[in-house]
Amino acid sequence: MNETNIRLCIPEVSATLLNGAALVGPRDGQQGVSHRPPPGSNGLLEALLRHAPQNWAEELEAVTMTAGETLVHSGASPAYVTFPTGGLVSVLVRSGPAANAEVEVAMVGRHDLVGASALLGTDPASHRAVVQVGAPAYRVPAAALRRLMEASPQARALLLRYVRMSLEEAYQIAACNSRHSLEKRLCRWLLQAHQRLESDTLPFTHDHIAQMLGVRRASVTVALHIIEGERLIRSTRGRVDLLDRARLQNAACDCCGAIAHNRRVLSLDGSLERAAAPSCAPC
């Protein structure tokens, strides 16, 4: 199936299957511009700024993440940490030498950050972070963020708590991928994508979903048809529409609720607790 670009009904957002390697760049006319993000842009960044010196916001740079861009390269230490204000970024780990051997181990949305490994030091990353759906974002030099962690115990605690939350989520997904049927995993994946994009329309092809889940395209097509037969979704060329999220939650595996519970328990403050409001009810 040929890949198609789908535009969502949210500003500056577009999507395509991603295999690009360009670094994220500033928006036109925004080179070097630094300012505080408006309220509601990224819950994690807002919480961080409350624990940072007033002038630390000058380290931030407004950029645009473009579908296909690689924000973190495997084998290199991230130069920047990026805080999306929309869109979706996949964290991919290679599981073999084949070109399509990368598997998604985490999704990043507008309440998260990209480049968490840079919070722990300058060692090279063993994964890639690739933009799946483009959107505006803010980025900060990784070195500047590490300096803030050294200077502010509150900022350090907040960011390390986020890292823990991300690790717990990755552990749950690893268990899910090894124990549950493709149909249940697919429901969980669709609900996670819905939460990150905050849209019932997911701009993904069967090929893309298969790559993210590490399975054959034909298997994803069969699983989508089964779920579609229950009138939970509608799958068309290059997109999946969620028709009944409540029943889709019931069809997903318990990992969906476990991930939601983890996000709620490890939320960093009131704003992040709201930001982390799950698509899935806790199990």
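How many helices and strands are there in the protein chain? This predicted model has nine helices and 13 strands. The legends below start with the whole chain and then zoom in.

**View 1. The whole protein chain, inside and out.** Of the 283 residues in the protein chain, 52% are buried. Take the contacts with a separation of 6 or more, and 76% of them turn out to link residues 24 or more positions apart. On the outside, the chain exposes about 12,500 Å², with 51% of that supplied by carbon and sulfur atoms.

**View 2. Helix H1 packing against helix H3.** Here residues 43–50 form H1, and residues 153–179 form H3. Their axes sit 9 Å apart and make an angle of about 160 degrees. Angles over 145 degrees count as roughly antiparallel, and H1 and H3 are therefore roughly antiparallel to each other. As for handedness, H1 and H3 cross in the right-handed sense.

**View 3. Side by side at the H1–H3 contact.** From H1 come Leu44, Ala47 and Leu48. What they meet in H3 is Ala155, Leu158, Leu159 and Tyr162.

**View 4. An open sheet of three strands.** Read across the sheet, the order is E11-E13-E12, and the pairing is antiparallel. Strand E11 (201–202) and strand E12 (233–236) each have a single partner strand, so they stand at the edges with one side left without a neighbour in the sheet.

**View 5. Strand E12 alongside strand E13.** E13 covers residues 239–242 and runs antiparallel to E12, with four bridges joining the two. For a landmark, look for Ile233, which stands opposite Leu242 in E13.

How values were computed. Residues numbered from 1 in each chain as written. Predicted model: local features only at pLDDT ≥ 70, side-chain atom pairs only at ≥ 80, totals over all residues. Heavy atoms only, no water. Pairing = 2+ DSSP bridges. Buried < 20%, exposed > 50% of the residue type's maximum accessible area, 1.4 Å probe, protein only. Contact = heavy atoms within 4.5 Å. Areas by Shrake-Rupley, 256 points an atom, 1.4 Å probe, with all protein chains shown as cover. Axes fitted to C-alpha atoms, helices over the stretch in contact; angles between N-to-C directions. Parallel < 35°, antiparallel > 145°, perpendicular 65-115°, else oblique. Left-handed = near helix turned anticlockwise from the far one by under 90°.
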